Amino acid sequence: MQTPNDLDAFFMPFTASRQFRQTPRLLASAEGMYYKTTDGRTILDGTAGLWCVNAGHCRPEITAAIADQLGVLDYAPNLQVAHPLAFDLANRLRAITPANLTQAFFTNSGSESADTAMKIARAYFHARGETERTILIGRARGYHGVNYGGISAGGIPNNRAAFGPLLPDTDHLPDTHDLARNAFSRGQPEHGADFADHLEVLIDKYGPTRIAAVMVEPVAGSTGVLVPPVGYLERLRELCTQHGILLIFDEVITGFGRLGAAFGSDYFGVTPDIMALAKGLTSATIPMGAVMVSQEIHDAFMDGPEHLIEFFHGYTYSGHPAACAAALATIDIYERENLLTRATELSQQWEDGLHALADCPHVIDIRNIGLMGAVELAPIDGAPVKRAFDAFRAAFDKGVLIRTTGDTIALSPPLIITRAEIDTLFSTLRAVLHEI
Ligand SMILES: Cc1ncc(COP(=O)(O)O)c(C=O)c1O
């Protein structure tokens, strides 16, 4: 595949695009654990694309299911009419998500899932007549996509700074990153369950009947893999239950095997009332997201005359036939190959390999859980994010795709990674950290 002659017309997402246009990194094809660039180089995918290609690239079973579906039913709305695969997929998700989550609402991305989850929370209380419960609590450094609900409840300053005014009635818990007490923790850090207690401060601030929902990622991914301290999620659950607040888990990254269990909720043994999904749902082959809700939440909408719409929300492509076919084929692979628990088998090697990088220059923290990992670097004085970005470019030149966020390198390979590929990933990273 040729490099395009002119790279000017594409306004790129989340990219240093002037730098990119000078030295483009163009991916032409992919298979299994590897990309091929337009100039024929092989790149080991250390990030599952963007935390999403959990089953590995170009799996023939998935691409065939999509192609077959497009030949039979290319599109059908799911508004007032519907097609069977959307129900099949909803049933499949009901079976594999935690038992209390019984209905699936389909979206096309993680951002849409996050905003849908927040809208469901507010509308649930509206339906129950608790119209004062409108406040949505996110967390500092939380990432819930880029739509207005997501950036308002989210807590990544650069994603918010230029876009105000944001959604009213949102507030934040503190993040759980605590280098002083927890640097170089393996798995869940020991200290910090008390960060959850800040919810009580917010309940005091707004009063007992104003907060609709708390939304967190079980492990904060995009901000640089912040693993929840031991007891933290349990404490959040306890406080939400105690105060009638819905708990939303944004499992867009932690869903579908990333931690070694089907969902973060299973891994941590903490169950939310609403779960946002995307990415691994179709192993990223077709854009798709889903929001799982409890029976009680679903049933709160099922009121009034039966000819009226119950939930005024949805997308043209909610439950698109090709996306449903992709998701069903993907879940088949996850189950057949035990991929949803494979991270458990690899996580010790992953942890040991990652933490062995602690002696490399500039490393100030290393974090890991399941098949997620982060190496935090000391920023260059006066040039934050440059050191990590240099690492990203050097790794790409050496044939490995990593991801950086701030001055943190984040890793999340496809769940099919082999032990030898884990070693290659870390030995390349070691060379990169010594080079930059
Ligand atoms: C936890 C979380 N929520 C939402 C999103 C947004 O997903 P999308 O980019 O598909 O809109 C992401 C993307 O990384 C995410 O990590």
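How far apart do the C-alpha centres of domain 1 and domain 2 lie? In this predicted model, the two centres are 26 Å apart, and you can see the division by colouring residues 17–54 together with 339–435 as domain 1, and then residues 63–336 as domain 2.

Next, turn to the place where the two domains touch, a contact that takes 32 residues from domain 1 and 28 residues from domain 2. To explore the side that belongs to domain 1, select helix H2 (48–51), helix H14 (342–355), strand E11 (363–369), strand E12 (372–377) and strand E15 (408–411), which are the elements that each give two or more residues to it. Of these, H14 gives the most, with 6 residues. If you colour this side of domain 1 by residue class, you should find 14 nonpolar, 13 polar and 5 charged residues.

Now keep H14 selected and add helix H16, residues 419–435, which packs against H14 at an angle of about 15°, with the two axes 10 Å apart. Because angles under 35 degrees count as roughly parallel, H14 is described as roughly parallel to H16. When you rotate the view to look along the line from one helix to the other, H14 passes H16 in a right-handed crossing.

Finally, show the side chains where these helices meet: on H14 select Leu-346, Gln-349, Trp-350, Gly-353 and Leu-354, and on H16 select Arg-419, Ile-422, Asp-423 and Phe-426, since these residues make the contact. Coloured by class, the residues of the contact of H14 with H16 divide into 5 nonpolar, 2 polar and 2 charged.

Conventions. Residues are numbered from 1 along each chain as its sequence is written. This is a predicted model: local features need pLDDT of at least 70, side-chain atom pairs count only at pLDDT 80 or more; totals for chains, interfaces and linings use all residues. Domain bounds come from an automatic or database domain assignment. Two residues are in contact if their C-beta atoms, placed from the backbone, lie within 7 Å. Helices (H or I, at least four residues) and strands (E, at least two) are DSSP runs, numbered from the N terminus. Ala, Val, Leu, Ile, Met, Phe, Trp, Tyr, Cys and Pro count as nonpolar, Asp, Glu, Lys and Arg as charged, and the others, Gly among them, as polar. Axes are lines fitted to C-alpha atoms, for helices over the stretch in contact, and angles run from 0 to 180 degrees between N-to-C directions. Angles under 35 degrees count as roughly parallel, over 145 as roughly antiparallel, 65 to 115 as roughly perpendicular and the rest as oblique. A crossing is left-handed if the near helix is turned anticlockwise from the far one by less than a right angle, and right-handed if clockwise.
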